[in-house]
Amino acid sequence: MTGRFYVLAGRIGRPRYLSAADLRSLVRGGMTVGLHGRDHLDWRRLDENALADELVGARHTIAAAAGRSVDEVAIPFGAYDRRVIRRLQEEGFARILTSDRGTFRPSARIWNRTSIRDDMTDAEIGAILSGHARPATRIRRAASRFARRHLR
């Protein structure tokens, strides 16, 4: 079994967080190590220099620690707009994970990530895992994704 681990570059080596040795061990075990930023900030609110550090600088930090390139990113808070998506694409990330719920095509560049939280009921978790959201909910989510990715 393999998994994906999205890392905050600014926390590597801090107590209760992964160390560089941990990241290299994950890579050796066949895991994917991706970017989650440097300091878990809302990228929509950053100026160009701060955004570059969160994307480019942090990506280099994680790659150096893990001993391999970083080609995937999970957006902090799932908070993005057209500018953030465009910048991620310009930086060449092969896979971009949002916190938009719902399904996605495995071959797609942007993946919708669904969070399971401890305050959810069994029925809510069951609906998420089965992919059986109500039609109105699916339409509302799709419209929101389209607007954030293409209209702002």
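In this predicted model, helices H2 and H3 are oblique to each other, because their axes cross at roughly 50°, and an angle counts as oblique when it is neither under 35 degrees, nor over 145, nor from 65 to 115. Helix H2 covers residues 48-66 and helix H3 covers residues 82-90, and their axes come within 11 Å. The crossing in which H2 passes H3 is right-handed.

On the side of H2, the contact is made by Glu 48, Leu 51, Ala 52, Leu 55 and Val 56, while H3 contributes Arg 83, Arg 87 and Leu 88. Sorted by character, the residues of this contact are five nonpolar and three charged, with no polar residue.

A separate feature is the second largest pocket, which holds about 160 Å³ of space. Its lining includes Phe 5, Tyr 6, Val 7 and Leu 8, together with Arg 11, Ile 12, Tyr 17, Leu 18 and His 36.

The table sets out the make-up of the two groups of residues.

| Group | Nonpolar | Polar | Charged |
|---|---|---|---|
| Contact of H2 with H3 | five residues | no residues | three residues |
| Lining of the second largest pocket | seven residues | one residue | one residue |

Conventions. Residues are numbered from 1 along each chain as its sequence is written. This is a predicted model: local features need pLDDT of at least 70, side-chain atom pairs count only at pLDDT 80 or more; totals for chains, interfaces and linings use all residues. Side-chain values use heavy atoms; hydrogens and water are left out. Axes are lines fitted to C-alpha atoms, for helices over the stretch in contact, and angles run from 0 to 180 degrees between N-to-C directions. Helices (H or I, at least four residues) and strands (E, at least two) are DSSP runs, numbered from the N terminus. A crossing is left-handed if the near helix is turned anticlockwise from the far one by less than a right angle, and right-handed if clockwise. Contact means heavy atoms within 4.5 Å. Ala, Val, Leu, Ile, Met, Phe, Trp, Tyr, Cys and Pro count as nonpolar, Asp, Glu, Lys and Arg as charged, and the others, Gly among them, as polar. On a 1 Å grid over the protein atoms alone, a cavity is a set of points where a 1.4 Å probe fits but cannot get out, and a pocket is an open set with protein on both sides within 12 Å along at least five of seven lines; lining residues have an atom within 4 Å of a point. Grid points are joined across faces, edges and corners, and a volume is the space filled by probe spheres set on the points.
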